Amino acid sequence: MALLSLPVRRIRALRGTSGVGSGLQRAQSFMVVATLLYRASHLTVGALAVAQRRSELPLQYAGFAVALGLSALTYGTALRRGWFDRRHIWADALVIGCVLPLALCAWGGVREPPAIAWAMLLGGSASAVAAISLERLHALTVIALLLVTHFIGYQAVGASPAVILGHLNSIVSSAVMTWLFRWYLLRQGRLLDEANARAVAAEAHKARYAERLEHHRALHDTVLATLTTLASGAVDANAPEVRRRCAREAAYLRRLIQQTAAEVHHREIGAALEDAVGSVESLQLRVTAQYHDLPQVPPEVAAALGDAVREALNNVRRHAGTGHAYLTATRDPDARGGALVTVVDRGPGFDPERCVPGLGLRGSVHGRMAEVGGRATVDTAPGEGVRVELRWPG
């Protein structure tokens with residue numbers, strides 16, 4: 001009787017779209033890259049402008065170096081963390097957007113609009129990033145400072161009213177368009193996350209329904225069939241084979257009841273262990289089995305665990321003299337993604353220093369686990385029973 005499981009791989013795949021790579025975070029990452037490209041285009045213009053006037057205005061080199069370094073800090077941090085640091089945004093707006101143009105006018109020898117245009121151009125990208133990364137009042141404050149300082153700077157170099165108005169309009173337009181883009185992308189990201197959440201819920205509901213259906217089928221073919229036969233009087237309820245079948249199905253029901261709604265069992269390892277339990281229960285060994293949070297393992301590992309458990313249970317049947325074994329299987333807390341399976345009996349045990357392990361223990365237990373990269377250990381002492389522990393990976 002194979003353990004039944006939810007198809008969790010698809011559910012986890014759907015959930016993965018709402019974790020680190022959620023729609024909201026993807027929208028923010030896109031805005032970081034978009035504003036970075038916007039700033040890069042302005043820095044490219046600045047580099048060309050400074051290179052053309054290298055002998056005439058040498059102080060512009062220092063200004064461009066400051067703009068380049070602060071841009072690298074602001075956008076490099078944003079790329080690593082997924083969003084902007086507000087302290088960097090304030091520094092970017094105040095130093096590059098406000099102080100740099102005025103400093104070039106005062107100490108850089110700038111006397112005409114074309115010589116300062118590259119520094120003014122950076123104000124557009126400064127207002128754009130401030131509009132999407134700062135609170136509304138703070139963003140408006142930054143934009144107002146940019147407008148005032150750039151108006152003063154262009155007035156100082158004698159720019160025409162058309163140039164001044166056009167530039168101030170570009171600062172405001174950059175901020176407004178970038179904010180609208182972010183609003184739209186975040187809205188789409190939220191809609192995507194909500195759709196993914198609904199898909200996960202629908203998949204989980206479908207999986208739970210499929211699990212209940214499989215449980216019903218299994219109960220119909222086993223427990224219900226036995227009860228129906230007994231009720232009809234067609235068999236002797238006291239016959240040994242009937243009692244053994246009832247005992248096996250009672251053990252199956254106990255394991256079914258012990259499963260909680262939150263537990264998810266992977267079919268590969270669960271089926272292998274249940275096959276091993278069923279094979280020895282048919283030989284009149286009672287097995288109390290408990291499974292919890294079984295990990296996903298490769299098919300060959302599940303088969304090796306099942307075969308090793310079968311042999312360990314056979315040893316209990318042959319040597320323990322109790323007619324009862326205890327099987328537990330769970331995720332190994334000491335190994336990420338590993339499995340931990342134990343078989344215990346309360347028989348007389350033995351002295352491991354005096355008893356040489358037989359072929360079954362050496363080949364079917366230790367050997368099978370070693371072949372798949374796992375290991376088996378036997379803990380026993382006279383009068384203490386036997387505990388066989390299987391770990392993968394070893």
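## Helices, strands and some unusual angles

Over residues 139-157 the chain is 95% helix and 0% strand, with 27 Å between the end C-alpha atoms. Helices here are DSSP runs of H or I with at least four residues, strands are runs of E with at least two, and both are numbered from the N terminus. You are looking at a predicted model, in which local features need pLDDT of at least 70 and side-chain atom pairs count only at pLDDT 80 or more, while totals for chains, interfaces and linings use all residues. Residues are numbered from 1 along each chain as its sequence is written, and side-chain values use heavy atoms, leaving out hydrogens and water.

The stretch 139-157 also appears in a record: the unreviewed UniProt entry lists "transmembrane region" at residues 57-77, 89-109, 115-132, 139-157 and 163-185. UniProt positions follow the numbering used here, feature names are shortened, and annotations may be inferred rather than shown by experiment. Here are two of those stretches side by side.

| Residues | Helix | Strand | Distance between end C-alpha atoms |
|---|---|---|---|
| 89-109 | 90% | 0% | 28 Å |
| 139-157 | 95% | 0% | 27 Å |

**Helix α3**

Let's try a little arithmetic on helix α3, residues 59-81. The expected span of a helix is 1.5 Å times one less than its number of residues. The 23 residues of α3 should therefore span 33 Å, and its end C-alpha atoms are 34 Å apart, which agrees.

Which residues of α3 are buried? They are Q60, G63, F64, A67, L70, S71, T74, Y75, G76, T77 and A78. Buried means under 20% relative accessible area, exposed means over 50%, and partly exposed lies in between (1.4 Å probe, protein chains only). As you read that list, keep in mind that an α-helix has 3.6 residues a turn, so residues three or four places apart point the same way. The cover over the buried residues of α3 includes α2 (23-52), α4 (86-107) and α5 (113-133). After α3 comes G82, with a positive phi near 95°.

**A proline inside a helix**

P101 sits in helix α4. Is P101 buried or exposed? P101 is buried, because its relative accessible area is 0%. Apart from neighbours within four places in sequence, P101 is in contact (heavy atoms within 4.5 Å) with I96, I116, A119, M120 and H150. P101 and H150 are 49 residues apart in sequence, yet their C-alpha atoms are 7.2 Å apart in space.

**Paired strands**

Now for the strands, which pair if DSSP finds at least two bridges between them. Strands β1 (residues 286-292) and β2 (residues 324-331) run parallel and are joined by 7 bridges. Y291 has A329 in β2 as its bridge partner. From β1 the chain passes through helix α10 (residues 299-320) to β2, making a left-handed β-α-β crossover. A crossover is right-handed if, with the strands pointing away from the viewer, the path from the first strand over the helix to the second runs clockwise. On to the next pair: β2 and β3 (residues 339-345) run antiparallel, with 6 bridges between them. One partnership here links Y326 with V344 in β3.

**Unusual angles**

Most residues other than glycine have a negative phi, and most peptide bonds are trans. D293, in the loop between β1 and α10, has a positive phi near 50°. With a relative accessible area of 32%, D293 is partly exposed. Between W392 and P393 the peptide bond is cis, with omega about -5°. P393 lies in the segment after β5 (386-392).
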